[in-house]
Amino acid sequence: MADQRFGGIKIRSLYKIFGPNPSAYVDAVRKGMTKAELNHTHGHVLGLRDINIEIPSGCIQVIMGLSGSGKSTLIRHINRLIDPTAGEVLVDGADVVKMNDTELRNFRRHQTAMVFQKFALLPHRNVLDNTVFGLEVQGMPRAKAVEVAMKWLERVGLKGFEQKYPNQLSGGMQQRVGLARALSNDAPVLLMDEAYSALDPLIRMDMQSVLLDIQNEIKKTIVFITHDLDEALRLGDQIAILRDGEIIQQGSSQDIVLRPADDYVSNFVKEVNRGRVVQVEAIMEPWRAGGVSSQMTIPVGSTIEDAVRMLASAPDGDVTVVSPAGQPVGIVNFRRLATAMVNAPASVDRNSSDLAAVH
Ligand SMILES: Nc1ncnc2c1ncn2[C@@H]1O[C@H](COP(=O)(O)OP(=O)(O)O)[C@@H](O)[C@H]1O
Ligand SMILES: [Mg+2]
């Protein structure tokens, strides 16, 4: 059993109420008492309400929401830095909530690693000694720990910086150390709470690429918190959107961008570069035999942006969208792609229903 460390996570009916007597209010909250009422009338804060998430092993789960929506509260339940008021947090089938102190210590040390927004590097340790820190705590012999740490430092692009101290590094480089330290642990679950939110946009994109690149090899279960939708869409295999401690929507990037569940989600989606997220099959016309003269084809799964790039050098007119087996499945053209980049079908519908509502 001990080596079955795959990192699949199931969160079931999780509630968190902050205050002196949380369990007194959990039934009321279950029955629908609002966060505002709980706060104003009873002086307790609703942290999370009825959270249910399944994160398959090897998946990047993004948790997204505005400040105060409960993101940190949620991720801190996964390694039980916070005890829930009710509910289960299963990692590889074991309920973290029920673990005793020893089990919990082992679980935290071996099953999870965290990357922090403020890096949390030890200022008097150099890069190498910061990176081996977790392995030292685990009792790994120094030579082995250094070998592991050096591998990850190289992998995050810090080879040659081992002897530097945190204050000699930029924010982006410090976060690379944070990532190398977490990866050195080789825990199946990686928890990242706004790990990139303090970084400049370009550095941040770099770090997203580093993470995606490494994830291709290591296939950890990563819970990544952000309040930035572009980051969420780029990284998330699954995205959950939180508001006031509740999950408003769960789905893939496509689900979120094409079918935002409500105005809160639409507001996030409004600013997004749809061309990078939406795939051609979401916007193509149905296939009709004989309708397309061009020999050119676009594979299913191409983003609109990719398709535009492919069509940019081709003559005008319709082209065929094909399945991986080479079957024609639909038709697109440049105009259709360009329109889809700027229009949001879901919000067009919403606008027309809003318009209808006010008249
Ligand atoms: N220890 C605590 N005591 C009381 N309220 C808390 C505590 N921690 C968080 N909260 C409240 O829970 C809600 C969610 O907070 P948090 O999880 O930090 O949000 P986020 O990470 O999305 O910004 C907020 O209303 C916050 O004020
Ligand atoms: Mg937070």
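How close do the axes of H8 and helix H9 (residues 201–218) come, and at what angle do they cross? This is a predicted model, in which local features need pLDDT of at least 70 and side-chain atom pairs count only at pLDDT 80 or more. Residues are numbered from 1 along each chain as its sequence is written.

Select H8 and H9 (helices are DSSP runs of H or I with at least four residues, numbered from the N terminus). Their axes come within 11 Å and cross at roughly 20 degrees; axes are lines fitted to C-alpha atoms over the stretch in contact, with angles from 0 to 180 degrees between N-to-C directions. H8 is therefore roughly parallel to H9 (angles under 35 degrees count as roughly parallel, over 145 as roughly antiparallel, 65 to 115 as roughly perpendicular and the rest as oblique).

Now show the side chains. Gly172, Gln175, Arg176, Leu179 and Leu183 in H8 meet residues of H9 including Ile203, Asp206 and Met207 (contact means heavy atoms within 4.5 Å).

Next, add helix H7 (residues 142–155). H7 and H8 pack at an angle of about 135 degrees, their axes 9 Å apart, and are therefore oblique to each other. On the H7 side, the contact is made by Val148, Ala149, Trp152 and Leu153; on the H8 side, by Ala180, Leu183 and Ser184. Leu183 of H8 thus also appears in the contact with H9.

Notes:
Chains lettered and ligands numbered in written order. Heavy atoms only, no water. Helix = DSSP H or I, 4+ residues; strand = E, 2+ residues; numbered from the N terminus.
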